[in-house]
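Hi,

Here is the structure I promised to pass on, with the sequence alongside. Please open it in your viewer and then read on for what turned up.

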Amino acid sequence: MNSESQAIDEIALLEQMLLVRAYEEAIVAGSVAGKIPGSCTSVGQEAAGVGVVSALHGDDLILTNHRSAAHLLARGADPGRLLAEVMGRATGYCKGKSGSLHISVRELGVMLTSTIVGGELSLVTGVALSQKMLGRTGIVTCFFGDGAACEGIFHESLNLASVWELPILYVCENNQWQAFVHRRETMKTEHVADWAAPYGIDHATVDGNDVLAVRNAALEAAEQVRRSGRPFLLESWTYRSRGHFEPDDQAYVDPTEHAAWLARDPIALSRQRLIDSGRLPREEAVALERRVRECIAAALAFAEASPLPAPGEMTTDVYA
Amino acid sequence: MPTLTPFAAIGAALAEEMRHDPTVLVFGEGVATKRHELVDEFGPARVRNTPLAEGIIAGTAAGAAATGLRPVIDLLFAPFLCYAMDELVNSAGKLRFISGGQFAFPMVTLAMTGGGWGVGAQHNHNNEAWFVHSPGLKVLMPSSAGDFKGLLKSAIRDDNPVLFFIDLALLHQPGEVPEGEHIVRLGMANVLRQGTDVTLVSYGKTVHACLAAAAQLADAGISAEVIDLRSLKPLDGAAIVASVHKTGRLVVVHEAARMAGVGAEIAAQVAEHAFASLRAPIIRLGGPDAPAAASHPLEQAFAPDVPAIFAAALSLCH
Ligand SMILES: Cc1ncc(C[n+]2csc(CCOP(=O)(O)OP(=O)(O)O)c2C)c(N)n1
């Protein structure tokens, strides 16, 4: 990649990260005001999500979980329909039946989102089996947390994906927290990536707060999955800056740890790098931020004006 | 009519459906070993052994079903379904609804259940009612070789996740299977014997006990109607209610525990929809609220037997 296209790329990536942040902030503000249900925000993890999704092809598929805003928005989901879903409106991607926790958008290849911790890991092998057996070219990316890696199904999934040679890019967003428990309390290893090798799966760990590093690592990892047809595990080392589920006062979080990670905020890092290198004039950065805020304001207005589901929807979409 | 064991009928249904539709595949613990004739015909990609890991087997099936394949998985014994509950109940059963209808899960899960092998409660547990209580799933439990074949073919063609329970005691009992394309629609009970005095409703191996009891009841001057449910969900409530309108008496019989079992739902539906026709209280015969024992006499005593069904029907008629 030459420096010109890299510059364009990073501004586009920054814009996506800003969009994710503004989207989550709108949900937080709405939930404080009692207008929007609480959710699991991806604040602090924008680079980890945006960087990976930017490395995927249009026919690749994605499985994700409750902390999915960066994956969905980076894939091109309409923030209005996402907010409508979070607010339980009929215009939401899942007709308001999902809420924030398990939003799938099949038309964008975001499949079978599950908020059962480890659910996506149990399903991704089947999705990849279909890709392989039906001769489709896209690989399947599976986002999960360090908490999910402590579920037995993580190990079952890696084992089967390796034995059956399935084209899966496993992406662990190791955000240090598993709801209200620090990963140090639950794992004897720092890195989830360490658990890949025993299953015969190649792996890498990347600075998950550096969007370019994540993108480059994901490009390489995805390329390896495409070439080999075999799984790869990429771990993004990152941080859940807000609580587990809004509202969350984070009284249980070590303030030193929190401060150290806030100082490495992925959006501030990327913005500063672009400004310092002269690739993004400061006024353009401000204009970018304004555009994103306007986009989310319009999305919110759409969601708020959207109808609630008809009562009959309670029993539709149960059986095919 | 040719006779087949249910084991062979299942094999025939699998082979026919795999021939009929190239997206059908079958996997599970030892499937490729036990059904090597399927491997010979369809190759190792469509007939697969798996690791001993029921969760990922069921999850893989759900993921594959949602994206273009029609998997049949063999999870061996019904208690092992506990390891696959999340994938069957939370994923296959719910993600269609949660996603607003974006996905369908055309998949079949095979599991053996019931007494007959004497290996105790961790292999023998009639837990079919759990799945009846789970939205988005269909549940079958045939009693005859013909239905094993015909229902399995329908289940494979159905676009929903289907739990297909195999009563272990029936697996190697030969029975008639119609020749050619034999399809049995889901959700239809089968009236195996017409009667006017009492309705015996059952599924799985206790259907045969009901038929034997009905023959004895006839000798005692009582005309018993025997209904084989076959499909626990969708449940053919209309067939049961119609029968009770005619007979005014109902005995529900299954090996599964009585407490919150399928029989409880049937009794409730009859009380709701045929109360005025009832001439006696409803009787439910089923297993106790206890794990199944390995010891042969205890294992066999779990399921209602012919004398118990006979006595129950007789008591209603006097
Ligand atoms: C099976 C299951 N157990 C517990 C929960 C409750 N829960 C939801 S998210 C979560 C934490 C998951 O941690 P991790 O996998 O690290 O992902 P993160 O939330 O940090 O992104 C928990 C415990 C759940 N949804 N599913």
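In this predicted model, chain B holds an open sheet of 7 strands with mixed pairing, and the strand order is β3-β2-β4-β5-β7-β6-β12. The edges are taken by β3 (47-49) and β12 (231-233) of chain B; each has a single partner strand, so one side of each is left without a neighbour in the sheet. From one strand to the next, the twist averages 20 degrees.

If you want a place to start in that sheet, try β2 (residues 24-28) and β4 (residues 70-77) of chain B, which pair in the parallel sense over 5 bridges. To find the register, pick B:Val24, whose bridge partner in β4(B) is B:Arg70.

Two helices of chain B are worth viewing against these strands. Helix α1 (residues 6-20) of chain B lies across β2, β3, β4, β5 (107-113) and β7 (161-167) of that chain, and runs at about 140 degrees to β2(B). Helix α8 (residues 145-157) of chain B lies across β2, β4, β5, β6 (138-140) and β7 of chain B, with an angle of about 160 degrees to β7(B).

Now to chain A, which has a sheet of its own. It is an open one too, made of 5 strands in the order β1-β2-β3-β7-β6, and the pairing is parallel. Here β1 (61-63) and β6 (202-207) of chain A are the edge strands, each pairing on one side only. The twist in the chain A sheet averages 20 degrees from one strand to the next.

Within the chain A sheet, β3 (residues 168-174) and β7 (residues 232-237) pair in the parallel sense over 6 bridges. A handy marker is A:Cys172, which has A:Glu235 as its bridge partner in β7(A). Helix α2 (residues 46-54) of chain A lies across β1, β2 (140-145), β3 and β7 of chain A, running at about 170 degrees to β2(A).

Next, how do the two chains meet? Chain B brings 44 residues to the contact and chain A brings 38 residues. Between them the chains bury about 3300 Å², with 65% of it on carbon and sulfur atoms. On the chain B side, B:Ile56, B:Thr67 and B:Phe97 supply 21% of the area that chain B buries against chain A, more than any other three residues.

How many salt bridges are there between chain B and chain A? The count is 0, while 17 residue pairs are in polar contact across the interface, both residues being at pLDDT 80 or more. As for which elements take part, β2, β3, α4 (54-65), α5 (85-92) and α6 (95-98) of chain B each supply at least two residues of the side that touches chain A. The largest share of that side, 8 residues, comes from α4(B). By type, the residues on the chain B side divide into 18 nonpolar, 17 polar and 9 charged.

Over all chains, a search of the whole structure finds 31 salt bridges. One to look up is A:Lys95 with A:Asp317, where the closest N and O atoms are 3.0 Å apart. A:Lys95 lies in the loop between α4 (79-86) and α5 (119-133) of chain A, and A:Asp317 in the segment after α10 (282-305) of chain A, so the pair ties together parts that are 222 residues apart in sequence.

Enjoy looking around, and do write back with your thoughts.

Best wishes

Note on methods:
Residues are numbered from 1 along each chain as its sequence is written. Chains are lettered from A and ligands numbered from 1 in the order in which they are written. This is a predicted model: local features need pLDDT of at least 70, side-chain atom pairs count only at pLDDT 80 or more; totals for chains, interfaces and linings use all residues. Side-chain values use heavy atoms; hydrogens and water are left out. Two strands pair if DSSP finds at least two bridges between them. Helices (H or I, at least four residues) and strands (E, at least two) are DSSP runs, numbered from the N terminus. Axes are lines fitted to C-alpha atoms, for helices over the stretch in contact, and angles run from 0 to 180 degrees between N-to-C directions. Contact means heavy atoms within 4.5 Å. Buried area is the accessible area (1.4 Å probe) that two parts lose on being put together, summed over both. A salt bridge is a side-chain nitrogen of Lys or Arg within 4 Å of a carboxyl oxygen of Asp or Glu. A polar contact is a pair of N or O atoms within 3.5 Å; within protein, one must be able to donate a hydrogen and the other to accept it, and residues adjacent in sequence count only if both atoms are side-chain atoms. Ala, Val, Leu, Ile, Met, Phe, Trp, Tyr, Cys and Pro count as nonpolar, Asp, Glu, Lys and Arg as charged, and the others, Gly among them, as polar.
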